[in-house]
Every structure is written in structure tokens, then in C-alpha cells.
Amino acid sequence: MDTGLNDKIVVITGAASGIGAASARAFAAEGARLALLDRDEGGLIALAEQLAPTQVSHAVADLSTLEGMTSGLDAALAPYDGHVDVLFNNVGAGSLGLFDTLTDQDWVDTLQLNFLSQVRAATHLLPRMRAAGSGVIINNASDLGRQPIVGGPDYAASKAAVLSFTTSLAKSEGPRIRVNAVAAGATMSPMWSMPGGLADTFAAIHDVPREESIEAEMKARNLPLARIGQPQEVANVVVFLASDLASYVTSSVYGVDGGSIGNIV
């Protein structure tokens, strides 16, 4: 099927690894042109080399700040004369620390990166989409935004805010601009594997060795698919939502979570 993404200009934040990098590869396979942002310059350069001959522009930026986001977007889109067709608000992080371990600054930092980065990117790019009369925004949320667990109340709250923001924006920007969210479940990425990441967090929560923590967490969540997801599986849904195949989809939250959500609404 034709996705209609050939030659479209796609912005991806947090693009150097994980779901962001997998999405860049998936969009490139559909013929899109890419504007990638991340703080990891080496990861961006390596990804751009892998994607050749796809046209790729990238910018190194601190996406947790207003200045970093706006200057990064402008730099990444400069080769395209500032035009954008699709924004994938992907950047985010979270250690899923327990409530008593979180400081006030932890809460601020989580909200800056996971939520306000999306608000700032949309604020900066929406005028261009409005002027063009079309556009698509996809926000990366989380299943934990819909059903929080003990770990990471700051992370869950930031992702719940993303879901609310998605609905508000979809209602205000229709009918020409579509806005949806992916609510990714447990997905293998640096957030899980890095030192101090989710594997370490769940090792503490379940009181098991680090190498057993992911399996223990998947069992605790009673996932019907009984495994952690892969970044490409989320990227496939992101590309669908950005494409013409989803032309009648807006204000929706697509769970890519192995069946972790147990309710029917």
C-alpha cells in the first residue's frame, strides 16, 4: 500500500537511538526526508550514514530547554527551507525511581524533557503546518500514562500530560492537521539497558539480579504477548499514523504495549 510519505519532511526528536532511530529507518524506507534531533552527535552521524542515500539533516541540541528545542529545530530544518510535514515528538527519559527517592528537581527535569519538549516543538512548528494547510503530529506517550505503577510517578504523570495534550491539540488543529499518540509499552531501548536505567530500577523493585529484572517485570505486568517489545514494532505504528493510510485518524492513542492495558475504553 502507498503510504504517501515519499519526499515528506519528517522531524524526529530523540532520534539517535531506540524508538527514534527505528522510526528514522522506517520513514526512510518509505522515501521520506529526515530532520533528526538529539544530544548524541555520534549517534546521529552514525544513523545518517546508515540511512544513505536518504536525505538526512541533523542537529545536536538539548531538547529539555526552550532554546535548545527551537534552535535545534531551525538548524535541522534549514536544508528544507524550514518546511515540515510530520513531527514525531519522541524524546523522553525516565529512571522510574520510587516516590521517596525523587527530588523536586527530578520532577522538574522529567516534565521538561518528556512533556514540555513536545509542547515546545509543536508550538514552534505548528505555524508552518497551518500555513501549508496540512501536517501530522505524533506524540510518544506510554502505557504508564494510562495505568501508572509504583515506580516512576514523575514519568507516568509526564506521559499522562502528553495524552491530554494530544487530545487538546487534535481538537484545536483539525481538520487540516492530525494529532495522535503512540502509547508504547516496555520497549527495549537505552532507557532499559543503560546503567541506572529501567533494568536497574526494576531489579530494585522486584529484588532480583539485573539480568532477571526485565523478565520479572514482564511477568508482573501479565502481558498477553509475554515479552518486551522492540523499537521497530513501535516505529511501524508511528509510520502508519503519519501516513495517508491513517487519514481518518486523529485524537487517538495507539497502544503498542503487548496487551498491557486491561480496560476496554
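Which residues have the most contacts inside the largest nonpolar core? In this predicted model, the residues with the most contacts inside that core are I12, F27, L34, L36, I138 and V182, and the core as a whole has 34 residues. Helices and strands both contribute to this core, since at least two of its residues are supplied by each of β1 (9-13), α1, β2 (33-38), α2 (41-51), β4 (86-89), β5 (135-140), β6 (177-184) and α9 (231-242). The surroundings of F27 can be listed residue by residue: when residues up to four places away in sequence are not counted, F27 touches L5, V10, I12, A32, L34, V86, V238, V239 and A242. Apart from the largest core lies another core, of 31 residues, and among them are I9, V84, V162 and L163.

A further residue to be considered here is L51, which is found in helix α2. With a relative accessibility of 8%, L51 counts as buried, because a residue is called buried when its relative accessible area is under 20%. Leaving aside the neighbours within four places in sequence, the residues in contact with L51 are A24, R25, A28, L34 and V56. The C-alpha atom of L51 is separated by 36 Å from that of K219, a residue that lies 168 residues apart from L51 along the chain.

The pockets of the model are described next. The largest pocket holds about 870 Å³ of space, and of the 38 residues that line this pocket, the closest to its centre are V91, G92, A93, S189 and M191. Two or more residues of the lining come from each of the elements α1 (18-29), α5 (153-173), α6 (190-193) and α7 (198-206). When the lining of the largest pocket is divided by class, 19 residues are nonpolar, 12 are polar and seven are charged. The second largest pocket has a volume of about 230 Å³, and of its 15 lining residues, G135, V136, R178, A242 and D244 are the closest to the centre. The lining of this second largest pocket divides into five nonpolar, five polar and five charged residues.

Aromatic rings were also examined. A pair of aromatic rings is described by the distance of the centres and the angle of the planes. A search of the whole structure finds two aromatic pairs. In one pair, the rings of F115 and F165 have their centres 6.1 Å apart and their planes at 90 degrees, so this pair is edge-to-face, given that planes over 60 degrees apart are classed in this way. Distant parts of the chain are linked by the pair, with F115 in helix α4 (residues 104-132) and F165 in helix α5, 50 residues apart. The side of the pair formed by F165 is buried, with a relative accessible area of 14%.

The pair formed by F240 and Y254 is tilted, with 5.9 Å from centre to centre and 50 degrees between the planes. This pair, too, links distant parts of the chain, as F240 is in helix α9 and Y254 in strand β7 (residues 253-256), 14 residues apart. F240 counts as partly exposed at 27% relative accessibility, and Y254 also counts as partly exposed, at 29%; both values fall in the range between the limit for buried residues, under 20%, and that for exposed residues, over 50%.

The backbone, finally, has several features that can be located in loops. The peptide bond that runs from A52 to P53 is cis, with omega near 10 degrees, and P53 lies in the loop between α2 and β3 (56-60). A cis peptide bond also joins G174 and P175, where omega is about 5 degrees, and the place of P175 is in the loop between α5 and β6. A positive phi is found at D81, which is not a glycine and for which the angle is about 55 degrees. D81 has its place in the loop between α3 (66-77) and β4, and this residue is exposed, with a relative accessible area of 76%. In S251, another residue other than glycine, phi is likewise positive, with a value near 60 degrees. S251 lies in the loop between α9 and β7 and, at 28% relative accessibility, counts as partly exposed.

Terms used. Residues numbered from 1 in each chain as written. Predicted model: local features only at pLDDT ≥ 70, side-chain atom pairs only at ≥ 80, totals over all residues. Heavy atoms only, no water. 1 Å grid on protein atoms, 1.4 Å probe; cavity = no way out; pocket = protein on both sides within 12 Å on 5 of 7 lines; lining within 4 Å. Points joined across faces, edges and corners; volume = space filled by probe spheres on them. Helix = DSSP H or I, 4+ residues; strand = E, 2+ residues; numbered from the N terminus. Nonpolar A, V, L, I, M, F, W, Y, C, P; charged D, E, K, R; others polar. Core = buried A, V, L, I, M, F, W, Y, C linked by side-chain atoms within 4.5 Å. Buried < 20%, exposed > 50% of the residue type's maximum accessible area, 1.4 Å probe, protein only. Contact = heavy atoms within 4.5 Å. Phe/Tyr/Trp six-rings, centres within 6.5 Å; stacked < 30°, edge-to-face > 60°.
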